[in-house]
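Please walk through this protein model from its overall dimensions down to single side chains. The account is meant to be read with the coordinates open alongside.

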Amino acid sequence: MTVRYGDLTVEWLGYATARLETADGLVAYTDPGRYGVLDDYWARDGDLVVVTHDHHYEPDGIRSVAAADATLVIYDGVDPDRISRDVEPVADLAADYEVVRVDETDRVTAGDATVWSVPAYNEPDGPRARPDGTVPHPEGFGCGYLLSLAGTTVFWPGDSDALEGFAELDVAVFLANIGGGVVSDRHEAADLAERLDPELVVPIHYDTIETLAADGGAFAADVASRSIPVALDERSANQ
């Protein structure tokens with residue numbers, strides 16, 4: 001299913017991968033790949049690709065969506081040597097694309113798009129904290145992104161709790177992370193949506209794997225009850 005917001009289209013391809021396209025043909029992707037969601041996908045039409053952290057770094061997925069002149073915005077904490085999967089180094093991607101490494105508070109201009117990175121993590125005293133005090137996504141491990149595409153702001157928080165600071169962002173389209181377990185669950189994401197007050201909420205990053213099982217319909221009903229427009233793509237959720 002393709003969701004439309006003004007001149008912007010949004011399509012969730014599964015897991016953390018969303019495809020965003022403006023009326024002028026600018027195409028951006030969030031965290032492409034993993035768990036088979038792009039196995040039969042070879043669009044190579046992405047002008048902009050953003051990667052939030054190690055768990056979402058999948059070079060094969062990046063190569064399947066990135067155009068020849070794409071800009072890849074990759075969090076500087078992404079470290080292929082630390083990833084247990086067999087992935088190619090970022091330097092190999094830099095040989096074929098423009099790669100920009102960012103910290104948690106950077107701003108990047110890529111053609112007609114602007115990208116801001118924002119801190120994103122599990123709070124050490126929050127619901128994702130383990131008995132030993134550690135969390136799956138500690139501060140500094142990854143980031144989220146605010147994208148401005150043809151004047152429309154799109155927020156993808158990456159793998160994070162629903163942090164209080166997110167509510168300060170000016171967001172038109174909120175790609176809500178609702179999987180729970182290691183990220184915000186549907187209740188926390190709905191509360192964040194109310195604080196953000198976006199023009200549209202599109203839930204992603206759930207049901208692709210068992211760890212991220214969530215009730216997308218219940219989330220959509222919750223958000224809609226708060227008078228916030230929401231679009232649900234259950235086809236992608238079951239991929």
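The paragraphs below go from the whole chain to its sheet, then to the helices and two individual residues.

This is a predicted model, in which local features need pLDDT of at least 70 and side-chain atom pairs count only at pLDDT 80 or more, whereas totals for chains, interfaces and linings use all residues. Residues are numbered from 1 along each chain as its sequence is written, and side-chain values use heavy atoms, with hydrogens and water left out.

The secondary structure of the protein comes to five helices and 13 strands, where helices (H or I, at least four residues) and strands (E, at least two) are DSSP runs numbered from the N terminus. The radius of gyration is 16 Å, close to the 18 Å that the globule rule gives for 239 residues, so the protein is as compact as a globular protein of that length; the radius is taken over C-alpha atoms, and the rule is 2.2 Å times the number of residues to the power 0.38. Along its principal axes the C-alpha trace spans about 45 × 45 × 35 Å. Of the 239 residues, 57% are buried, meaning under 20% relative accessible area, with exposed meaning over 50% and partly exposed in between (1.4 Å probe, protein chains only). Among contacts with a separation of 6 or more, 59% come from residues 24 or more positions apart, a contact being heavy atoms within 4.5 Å.

How is the open sheet of six strands ordered? The order is β8-β9-β10-β11-β12-β13, with mixed pairing, two strands being taken to pair if DSSP finds at least two bridges between them. β8 and β13 stand at the edges, each with a single partner strand, so one side of each is left without a neighbour in the sheet. The twist averages 20° from one strand to the next.

Starting from the β8 edge, strand β8 (residues 107–110) pairs with β9 in the antiparallel sense over four bridges, and Val108 has Val115 as its bridge partner in β9. The hairpin of these two strands has two residues between them, and Gly111 takes a positive phi near 60° there. Strand β9 (residues 113–120) is largely enclosed by the rest of the structure, because six of its eight residues are buried. On to strand β10 (residues 142–149), which pairs with β9 in the antiparallel sense over eight bridges: here Val115 stands opposite Leu147. β10 is in turn joined by five bridges to strand β11 (residues 152–156), again running antiparallel, and Leu146 finds its bridge partner in Phe155 of β11.

Helix α3 lies across β11, β12 and β13, running at about 160° to β12; axes are lines fitted to C-alpha atoms, for helices over the stretch in contact, and angles run from 0 to 180 degrees between N-to-C directions. Its buried residues are Ala189, Ala190, Leu192, Ala193 and Leu196. They cover an arc of only 160° around the axis, which puts them on the same side of α3, the arc being that of the directions from the helix axis to the C-beta atoms. An α-helix has 3.6 residues a turn, so residues three or four places apart point the same way. What covers the buried residues of α3 includes β11, β12, β13 and α4. At the N-terminal end, Asp185 caps α3 through a side-chain oxygen 3.1 Å from the backbone nitrogen of His187, while Asp197, which follows the helix, has a positive phi near 55°.

In helix α4 (residues 216–225), the buried residues are Gly216, Phe219, Ala220, Asp222 and Val223. These too cover an arc of only 160° around the axis, which puts them on the same side of α4. Their cover includes β12 (173–177), α3 (186–196) and β13 (200–204). Asp215 caps the N-terminal end of α4, with a side-chain oxygen 3.2 Å from the backbone nitrogen of Gly217, and just after the helix Ser227 takes a positive phi of about 65°.

Two single residues complete the picture. Leu20, in strand β3 (residues 17–21), is buried with a relative accessible area of 0%; leaving aside neighbours within four places in sequence, Leu20 is in contact with residues including Leu8, Val10, Leu147, Leu149 and Val154. Arg63, found in helix α1 (residues 59–65), makes a side-chain polar contact with the side chain of Glu88 (2.9 Å), where a polar contact is a pair of N or O atoms within 3.5 Å; within protein, one must be able to donate a hydrogen and the other to accept it, and residues adjacent in sequence count only if both atoms are side-chain atoms. Not counting residues up to four places away in sequence, Arg63 also touches residues including Trp42, Arg44, Asp92 and Tyr97.
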